[in-house]
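Me: Hello! I am new to reading protein models and would like a close look at a single part of this one. Could you walk me through it slowly?

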Amino acid sequence: MRISEETSMTTTHATHENHPAETYADYLSRDHAADLKLAAERLASVARHTHLEESQILSEMTGARVLLKPENLQKTGSFKLRGAYNKIASLSQDELDRGIITASAGNHAQGVAYAARERGAHATIVMPRITPPIKVDATRALGATVALEGDVFDESSAYAANAARTQGLTFVHPFNDYEVLTGQGTIAMEILEDCPEVTDILVPLGGGGLGAGVAMAVKTFAPHVRVIGVTPEGSVAFGQSFAAGEHRVHAADAVHTAAEGVAVREPGSLTFALLEKYLDGFVTVSERDISEMILLMLEKHKLVVEAAGAVSLAALNVLDKVQALPDLEAPLEAPALSERVIVPILSGGNIDTVTMGAVIQRGMISRGRIMQFGVELPDTPGQLALIAQILADLRANVIELNHDQFKAQSHYTNAVLLEVTVETNGPDHIQQIMDALHVKGFRVNRVY
């Protein structure tokens, strides 16, 4: 254990005001097996047991056996239902009667709204103003009151915590709460039940509730299994906190990622303490890889996965870059890829259509499935037809074409700028098109 009894501290987060006497050491030394089994019992008739799905394409890509844990198919479209329901099931009637308040970027909101409705409590959800409308509408449809406050999650959370203190409401933190993260840990219990031979579980890290719960459950029931935390490159709080080695979280100055579900500037202090104890490794992934995995899930598995849900999938591209935590006492050795059974957790699928369209386009561009180029042509008959014939011969499907005389840099010499967007079959196909245009004497500028 890397957090000792002497270095433990009483939490000051609003989520733990119901049991202020407990310290981090108390949580770390609890009977996790009993707590996890109780959570599983509470969720047995509520949460779906999402069954693993083998991915042939990802297995071929990595050289390992890859099975998907599709929590995007969970009720409310996200794993968050598990933790929210377990927490609310643990509340007393007095705490329920006071009303529940929480902050969320969307998925936890729906979990709390669903659980509160099931237990007959009123829920108020504070969401960032940037929350996609689909998540706001889905939360309201479950009977909760929604307040849009703050530009990022951390501002919404501060607003909700203050409202809980001033109005006497029961605050349910989306991740920095023992009952919440224990509920999330039931995901790992299902993975271990369905695939005892699993060697690695990949889990996205935002505030750390999912990662802490999964890691705690794995090390409780199957300590030989590795748990790898994954964050986008633009969300650096966990990386900075692990690297500091001071047993405390470090807040990031800013977060830049399309994965709003893990866009958290400051990890939970309790979740961080548990992750320091139980997490085996850590890796960051690019926005490009996240977008590509969303597209791959749509095309190959017919699964809708939001950006945060694709973070763990993106880690499959960088398995060789996984880092052990700095002061991990005995890092688990990774077996050869051919011997590994890897389970990425697809944490959610709540993505609005506008965002989905943008993500698909980015993914197609990065995979060489869409290309746009510009070329200046002499303003004479037949030039456009010649370009069209080259593209047709190479079976490049034209998506958009703009023939504009006024955009040409050399318009005084009767040139015209042609901008073409085409659907392609990958980088090699793009190179064939560029080569064919150059052979015909065209000077081409590739836009993307």
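Me: Please focus on the place where domain 1 and domain 2 meet: how many Å separate the centres of the two domains, taken over C-alpha atoms?

Reply: Happy to help! This is a predicted model, in which local features need pLDDT of at least 70 and side-chain atom pairs count only at pLDDT 80 or more, while totals for chains, interfaces and linings use all residues. Residues are numbered from 1 along each chain as its sequence is written, and side-chain values use heavy atoms, with hydrogens and water left out.

The centres of domain 1 and domain 2, taken over C-alpha atoms, are 23 Å apart. Domain 1 covers 24-78 + 177-357, domain 2 covers 100-168, and domain 3 covers 368-446; such bounds come from an automatic or database domain assignment.

Now to the meeting place itself. Here 13 residues of domain 1 are in contact with ten residues of domain 2, where contact means heavy atoms within 4.5 Å. About 1,100 Å² is buried between domain 1 and domain 2, and carbon and sulfur atoms give 58% of that area. Buried area is the accessible area (1.4 Å probe) that two parts lose on being put together, summed over both.

Next come the charges. Side chains of opposite charge can pair when their charged atoms come close. Two salt bridges are counted between domain 1 and domain 2, a salt bridge being a side-chain nitrogen of Lys or Arg within 4 Å of a carboxyl oxygen of Asp or Glu. Glu-306 and Lys-135 form a salt bridge through their side chains, at 3.2 Å from N to O. The two domains also share five residue pairs in polar contact, both residues at pLDDT 80 or more. A polar contact is a pair of N or O atoms within 3.5 Å; within protein, one must be able to donate a hydrogen and the other to accept it, and residues adjacent in sequence count only if both atoms are side-chain atoms.

Let us finish with a sheet. Four strands make an open sheet in the order β5-β4-β3-β6, with parallel pairing. At its edges stand β5 (145-148) and β6 (170-171), each with a single partner strand, so one side of each has no neighbour in the sheet. Strands (E, at least two residues) are DSSP runs, numbered from the N terminus, and two strands pair if DSSP finds at least two bridges between them. Four bridges join β5 to strand β4 (residues 123-127) in the parallel sense, and Thr-124 has Thr-145 in β5 as its bridge partner.
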